[in-house]
Amino acid sequence: MRKEGNTAQLIQVILDQCKDAGIKTEFISLAGKKILPCLGCGKCSEKKWCINETDDWSGIAEKMLQCEVLVIGSPTYYYDVNGQLKNFIDRTYSLYHDRKLSGRKGIAVAVHASAGAERTLKTIEGFLSAHEFASLGSVTGTGTDEGDVMNDAKAIAHAKKTGDKIVRLLLPHHD
């Protein structure tokens, strides 16, 4: 949840690989954003969009609808995604009715202090699968204090390889 915390830094390694190859990227953090929980009202099945437009969800969802590859991550809180991301994911049910996210590619990223990243990834991968993203894999890292993940050589190497995978996928389409 820190704007420039370990998860953000690990995702940035992936995005930097893409930027270095000339692919346009955009990083959006949920830190400092207001993302209310899903009301479970079901009104989105008719509107095809979440009816709650009093927070930051809609603007971020619009950006997600524009992407070809979504790199989505979370720090691990009590062996799962943090509440802010869970609220965001729950609200995407409004996009599910018409499969608005289907056909994109997705990468799950999780950072933990010492355990729990596997379950965090499962939650993110469940979101990606439900919305019919094609998985390009996942990246996990270890870190507690801000910046610790940059000392996780295995995570950094895997993040760079994952960025290279995105480049190979997209570069022929972005001349």
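Reader: Which residues does Arg104 touch, not counting residues up to four places away in sequence?

Author: In this predicted model, Arg104 touches Met64, Leu65, Gln66, Cys67, Glu68, Glu132, Phe133 and Ala134, with residues up to four places away in sequence left out. Arg104 itself sits in the loop between α5 (93-96) and β2.

Reader: Which side chain of opposite charge is nearest to Arg104, and how far away is it?

Author: That side chain is Glu62, 8.9 Å away. Arg104 is buried yet has no salt bridge, a salt bridge here requiring a separation within 4 Å. The Arg104 side chain does, however, reach the backbone oxygen of Lys100 at 3.0 Å.

Reader: Why is β2 described as largely enclosed by the rest of the structure?

Author: Of the 8 residues of β2, 7 are buried, so the strand is largely enclosed by the rest of the structure. β1 and β2 run parallel and are joined by 7 bridges; Ser74 has Ala110 of β2 as its bridge partner. β2 and β3 (residues 134-142) also run parallel, joined by 7 bridges, and Val109 has Val139 of β3 as its bridge partner.

Reader: How should the largest nonpolar core be read, and which of its members touch the most others?

Author: In soluble globular proteins, nonpolar side chains tend to be buried together. Here the largest nonpolar core has 26 residues, of which Trp57, Leu70, Leu85, Phe88, Phe127 and Leu128 touch the most other members. The elements giving two or more residues to this core are α3 (57-66), β1 (69-75), α4 (83-91), β2 (105-112) and α6 (117-130). Another core, of 21 residues, lies apart from it and includes Ile14, Leu15, Ile23 and Val71.

Technical notes. Residues are numbered from 1 along each chain as its sequence is written. This is a predicted model: local features need pLDDT of at least 70, side-chain atom pairs count only at pLDDT 80 or more; totals for chains, interfaces and linings use all residues. Side-chain values use heavy atoms; hydrogens and water are left out. A nonpolar core is a set of buried Ala, Val, Leu, Ile, Met, Phe, Trp, Tyr and Cys residues joined through side-chain atoms within 4.5 Å. Buried means under 20% relative accessible area, exposed over 50%, partly exposed in between (1.4 Å probe, protein chains only). Helices (H or I, at least four residues) and strands (E, at least two) are DSSP runs, numbered from the N terminus. Lys and Arg count as positive and Asp and Glu as negative; His and the chain ends are not counted. A polar contact is a pair of N or O atoms within 3.5 Å; within protein, one must be able to donate a hydrogen and the other to accept it, and residues adjacent in sequence count only if both atoms are side-chain atoms. Contact means heavy atoms within 4.5 Å. Two strands pair if DSSP finds at least two bridges between them.
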